[in-house]
Structures are given as C-alpha cells and as structure tokens.
Amino acid sequence: MELLVDEEIDQQTCTWSSEEAQRVNRIEVAARALNQLPPLYASSQEGVTLQYERAQQDHRQEITAAVSEALEAVKQLPWKGSTPFDIR
C-alpha cells in the first residue's frame, strides 16, 4: 500500500509548482493517507507483488481519495517541524 500511496502523491502533485510541492510534508501526507486505508502486509517479494496488484485492483479509488484528503489536510497545517524516526 505504501508504494501505491507514494505513486499517487506523485501523480496528484506533478502539476504543482516547486514552491508549493516543497511546502507539503510528503511523509505526513503518506501517513495520513495510509491511516485511512486497509493494511496489506507481505513477508516475501512475491507477497509484495501480489499485495501491490491486489491494492491496484481493489483499492485504487480509495487510495486516490485518501491521498487527496491527506494533501488538503496537510496543506492547511502550519509547518512546525518534526523529528523523523531513526530506524536501525
């Protein structure tokens, strides 16, 4: 689901000016969108491929709507900065 959300963010922001695109925290957009979508976990590369295809077929409209809503919400929030996770 993460890959499709990232691709959808690209699709919906490709016509934005560079200034507008830089003002939006893509990680925040992705997190908000993903919280509205069903999780699709996988434990192998084959599983990732199957889940990716499943999400494209079964959840495309939901992904588009979730990303659109997340972009609008994040654009309205003032940037306060954040500390990204340090995943090791």
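**Exercise 1.** In which hand of crossing does α1 pass α3? Give the geometry of the pair and list the residues that form the contact.

*Solution.* The model is a predicted one. Two packed helices are described by the angle between their axes and by the distance between those axes.

- Step 1: the axes of α1 and α3 lie 10 Å apart, at an angle of about 125°.
- Step 2: angles of 65 to 115 degrees count as roughly perpendicular and those over 145 as roughly antiparallel, so α1 is oblique to α3.
- Step 3: the crossing in which α1 passes α3 is right-handed.
- Step 4: α1 contributes Glu 2, Val 5, Asp 6, Ile 9, Asp 10 and Thr 13 to the contact, while α3 contributes Arg 26, Val 29, Ala 30, Ala 33 and Leu 34.
- Step 5: sorted by type, the residues of this contact are six nonpolar, one polar and four charged.

**Exercise 2.** Describe the packing of α1 and α4 by angle and axis distance, then classify the residues in their contact.

*Solution.*

- Step 1: α1 and α4 pack with their axes 9 Å apart and an angle of about 50°.
- Step 2: an angle under 35 degrees would count as roughly parallel, and 65 to 115 as roughly perpendicular; α1 and α4 are therefore oblique to each other.
- Step 3: the crossing of α1 and α4 is right-handed.
- Step 4: on the α1 side the contact holds Leu 3, Leu 4, Val 5, Glu 7, Glu 8, Ile 9, Gln 12 and Thr 13. On the α4 side are Tyr 52, Ala 55, Gln 56, Arg 60, Ile 63, Thr 64, Val 67, Ser 68 and Leu 71.
- Step 5: the contact of α1 with α4 divides into nine nonpolar, five polar and three charged residues.

**Exercise 3.** Which residues of the largest nonpolar core touch the most other members, and which helices supply the core?

*Solution.*

- Step 1: the core has 18 residues, of which Met 1, Val 5, Val 29, Ile 63 and Val 67 touch the most other members.
- Step 2: at least two core residues come from each of α1 (2–13), α3 (26–34) and α4 (45–76).
- Step 3: α4 gives the most, with seven residues.
- Step 4: leaving aside residues up to four places away in sequence, Val 29 touches Ile 9, Val 24, Val 67, Ala 70, Leu 71 and Val 74.

**Exercise 4.** How many helices and strands does the chain have, and what percentage of its residues count as buried?

*Solution.*

- Step 1: the chain has four helices and zero strands, in the order α-α-α-α from the N terminus.
- Step 2: of its 88 residues, 27% count as buried.
- Step 3: among contacts between residues at least 6 apart in sequence, 78% join residues at least 24 apart.

Methods. Residues are numbered from 1 along each chain as its sequence is written. This is a predicted model: local features need pLDDT of at least 70, side-chain atom pairs count only at pLDDT 80 or more; totals for chains, interfaces and linings use all residues. Side-chain values use heavy atoms; hydrogens and water are left out. A nonpolar core is a set of buried Ala, Val, Leu, Ile, Met, Phe, Trp, Tyr and Cys residues joined through side-chain atoms within 4.5 Å. Buried means under 20% relative accessible area, exposed over 50%, partly exposed in between (1.4 Å probe, protein chains only). Contact means heavy atoms within 4.5 Å. Axes are lines fitted to C-alpha atoms, for helices over the stretch in contact, and angles run from 0 to 180 degrees between N-to-C directions. A crossing is left-handed if the near helix is turned anticlockwise from the far one by less than a right angle, and right-handed if clockwise. Ala, Val, Leu, Ile, Met, Phe, Trp, Tyr, Cys and Pro count as nonpolar, Asp, Glu, Lys and Arg as charged, and the others, Gly among them, as polar.
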